[in-house]
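Got the viewer open? Let's go through this one stop by stop, picking a selection each time and looking at what turns up.

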Amino acid sequence: MDSDFYYIIEKNKRLSFLLIIVFIALFVFLGGILDFFLAVLPYPIFTISAFFISAILSLISFFWGGEVIMNAAGAVPLAKFNTFEYKRALNIVSEMAIASGTPMPKAYVLSENFPNAFTSGSSPKRACMCLTRGIIMLLNRDELQGVIAHEFAHILHRDTLKMTCIATLWGAISILSEWILKGMWAGKRKINFKKGGALPLVLIGFALALISPLLARILAMAISRNGEYMADAGAVKLTRNPLGLASALEKIMNFQGKGETLNSMRFLFTVDPLRNDLCSKKTNIFNFFNTHPPVEKRIIILRKMAGETTEPRSIKLSVKRELICPGCGGKMSEKKSISTYGKLILLDQCESCGGVWFDRWELASLGPSPVFEEDFDRIKFLTPSKPSSGRMICPRCGIKLKNVKSFDLPEKITFKMCELCSGIWLNKEEKQEFFSWRKKKSYSNKFNDKLSKFSGEYSLRKETLNRLTIGEILSSLLRISL
Amino acid sequence: MNTLYISLIAASGLIFLWVIYAYNLLVRLKVRVEGAWRQIDVQLKRRHDLIPNLVEAVRGYMKYEQETLERVLKVRSMAINARTKDESIKAENELSGALTRLFALMENYPELKANENVLTLQEELISTENRIAYARQLYNDLAVQYNTRQEIFPSSIIARIFGFKPASYFNVGEEEREVVKVNLT
């Protein structure tokens with residue numbers, strides 16, 4: 001039976017093994033050519049050094065990558081939240097830990113609307129799992145179970161380790177091919193063409209050096225796609241419910257918009273530390289350059305496992321969730337405003353009580369004398385603004401808001417802040433108080449810094465920053481050396 | 001002559017190493033199987049603790065379902081007081097069935113869905129039900145591995161010599177297979 005998950009896992013395992021053998025053969029052959037013709041030392045010095053340069057770079061992203069990015073992007077431990085959806089997500093993670101017989105991984109939430117999930121970590125004991133806010137809010141229980149099982153399958157298959165090895169070989173092949181090509185152009189002094197008198201071999205070596213980086217990339221991507229099919233089948237092995245993951249993938253496929261926080265930091269590492277994510281939005285025309293197989297194909301395979309043959313549908317997903325006012329529970333609408341740099345900012349104001357929700361950065365970038373849309377202050381409010389007390393829920397993340405006070409602020413103002421997305425809520429009175437006070441206060445850098453901090457600017461630990469810098473320097477060094 | 005001795009010693013050394021390896025593998029599997037069994041017990045205990053809270057929380061809303069609620073409580077105490085393993089397995093399976101029925105009935109009460117306390121309790125119980133199912137699944141998977149290892153040659157010799165016994169499988173109870181009937185009238 002070709003739709004059995006055991007069969008799929010076995011089949012892909014064999015294919016991965018074969019691809020890895022081809023990969024190693026390519027590397028050894030290239031290194032052999034270079035060392036044979038240059039023959040500076042009796043040892044294969046070039047092969048070994050290319051391998052080590054590449055290995056060091058890969059190991060850095062292997063041990064640091066995931067953690068650094070999670071810190072930099074402001075991921076918060078999942079266990080910190082006690083709202084329904086987040087508790088449910090944590091429950092599912094521990095259910096899957098039981099199903100897979102691994103220790104409970106560290107689970108994090110990332111404040112991002114795009115539904116995604118990824119794992120990192122060198123072994124099941126040190127595994128981290130990160131879910132975005134989008135995926136927790138978008139999916140139902142069965143779907144989230146499928147997604148988390150897919151991530152557990154990555155942990156069980158040790159895909160982070162596997163892809164680090166692949167990336168090492170890939171990097172080493174690129175270095176070797178560069179050296180060979182440079183050696184060729186550098187003139188006949190360097191490469192001894194007459195050695196062994198094998199001109200055809202030289203030509204083959206030259207041709208191979210030209211195409212090998214491309215070949216290596218195609219091979220690496222094929223192995224990665226294989227790993228995804230294996231993780232899908234592994235997820236079914238854990239949950240025995242292929243339809244949950246299939247419907248989750250269908251929802252994510254139809255989701256409009258893209259992830260921003262993570263993609264902006266990924267370039268820092270030579271090996272993508274978070275490549276164990278769920279599915280990629282980026283699709284090239286040619287399938288062999290993609291890290292993930294086409295989502296439609298994955299859905300069809302999963303449905304086949306359950307004996308269903310329905311094609312993936314394109315459902316209309318409402319991208320924007322309607323925001324609910326944390327103060328009075330009313331509807332919120334968007335109001336235009338201009339930031340200090342003249343950029344348009346869309347604030348969310350409650351239509352009934354006039355309270356305003358400021359997303360991360362928004363309050364700080366408004367500046368001392370912001371320009372608002374006309375009815376921002378004049379709007380007639382049906383219900384008076386309630387005193388900010390009781391349980392207030394973040395309209396974006398659905399978790400409890402925290403009261404934050406600062407000695408810089410006037411007595412009457414308390415920021416209601418969301419720990420996850422760093423958004424700030426001000427009710428009508430507080431908003432007016434804040435802006436009139438802000439106008440009076442002369443423009444000062446120090447205050448702006450504090451405000452930026454409040455609205456969620458870097459809250460990075462020093463260690464994380466150091467690692468980020470080192471990663472950046474190293475990866476730029478690699479790019480120069482190549 | 002000398003080479004013969006050396007090769008004999010090397011061969012027996014290799015066999016000895018393999019015996020150690022095969023024995024350790026069996027022991028490791030045995031420990032994992034036992035661990036998986038204990039995990040089931042932990043989750044069953046968690047379920048016993050959660051049930052009274054949920055029943056109390058929904059009792060006020062589900063006035064016409066007293067019979068179902070009483071049955072859940074009764075089966076729970078039966079499961080706790082079970083003496084033998086067979087009795088316990090039977091009672092736990094019945095409890096799963098009774099809970100499934102309760103969850104299905106709860107769907108008929110929209111006001112329950114608005115109650116956050118009930119929702120949280122229900123989520124905890126659903127999660128526990130899943131954990132029990134997954135713990136059993138893991139136990140069965142490990143038991144298959146353990147038993148296969150004992151059956152296949154040559155590790156079957158080691159299993160025979162050191163007296164490893166096959167682990168028993170967990171069967172799904174009749175109660176759980178039964179389709180839940182929901183009265184919608």
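A contact on this tour means heavy atoms within 4.5 Å. With that in hand, select A:M96 and leave out residues up to four places away in sequence: what does A:M96 touch? You should find A:Q145, A:I148, A:A149, A:F152, A:L238 and A:T239, plus B:Y134 from the other chain.

Before going further, some housekeeping. This is a predicted model, in which local features need pLDDT of at least 70 and side-chain atom pairs count only at pLDDT 80 or more, while totals for chains, interfaces and linings use all residues. Residues are numbered from 1 along each chain as its sequence is written, chains are lettered from A and ligands numbered from 1 in the order in which they are written, and side-chain values use heavy atoms, with hydrogens and water left out.

**Stop 1: the whole of chain A**

Show chain A as a cartoon. Helices (DSSP runs of H or I, at least four residues) and strands (runs of E, at least two) are numbered from the N terminus; chain A has 15 helices and 11 strands. Now colour by burial, where buried means under 20% relative accessible area, exposed over 50%, and partly exposed in between (1.4 Å probe, protein chains only). Of the 482 residues in chain A, 53% are buried. Take the contacts between residues at least 6 apart in sequence: 71% of them join residues at least 24 apart.

**Stop 2: the cores**

A nonpolar core here is a set of buried Ala, Val, Leu, Ile, Met, Phe, Trp, Tyr and Cys residues joined through side-chain atoms within 4.5 Å. In soluble globular proteins, nonpolar side chains tend to be buried together. The largest core has 81 residues, and A:M96 is one of those that touch the most other members, along with A:L78, A:Y86, A:I135, A:I148, A:C418 and A:L420. Apart from this core lies another, of 25 residues; pick out A:A172, A:I175, A:L208 and A:A216, which are among them.

**Stop 3: where the chains meet**

Bring chain B into view. How many residues does each chain put into the contact? Chain B gives 18 residues and chain A gives 18 residues. Buried area is the accessible area (1.4 Å probe) that two parts lose on being put together, summed over both; between chain B and chain A that comes to about 1500 Å², 48% of it on carbon and sulfur atoms. Select B:E123, B:R131 and B:Y134: these supply 40% of the area that chain B buries against chain A, more than any other three residues.

Stay with B:E123 and add A:R141. They form a salt bridge, with the closest N and O atoms 2.9 Å apart. (The cut-off is a side-chain nitrogen of Lys or Arg within 4 Å of a carboxyl oxygen of Asp or Glu.) The count between the two chains is 2 salt bridges.

Next, which elements of chain B line this side? Both α1 (2-59) and α5 (116-151) supply at least two residues each, and α5(B) gives the most, with 14 residues.

**Stop 4: backbone oddities**

Go to B:F153 and B:P154, which are joined by a cis peptide bond with omega about 5°. B:P154 sits in the loop between α5 and α6 (155-161) of chain B.

Back in chain A, select A:R158, in the loop between α5 (141-156) and α6. A:R158 is not a glycine, yet has a positive phi of about 50°; at 39% relative accessibility, this arginine is partly exposed. Then try A:R240, in the loop between α7 (199-239) and α8 (242-254). A:R240 is another non-glycine with a positive phi, about 55°, and is partly exposed with a relative accessible area of 39%.

**Stop 5: a few single residues**

A:T160 lies in helix α6 (residues 159-185) of chain A. Buried or exposed? A:T160 counts as buried because its relative accessible area is 17%. Draw a distance to A:S122: the two are 38 residues apart along the chain, with C-alpha atoms separated by 6.4 Å.

Last, jump to strand β6 (residues 344-350) of chain A and select A:D348. A:D348 is buried, at 6% relative accessible area. Leaving aside neighbours within four places in sequence, A:D348 is in contact with several residues, including A:E334, A:W357, A:D359 and A:R396. A:I345 is found in strand β6 too, and is buried at 9%.
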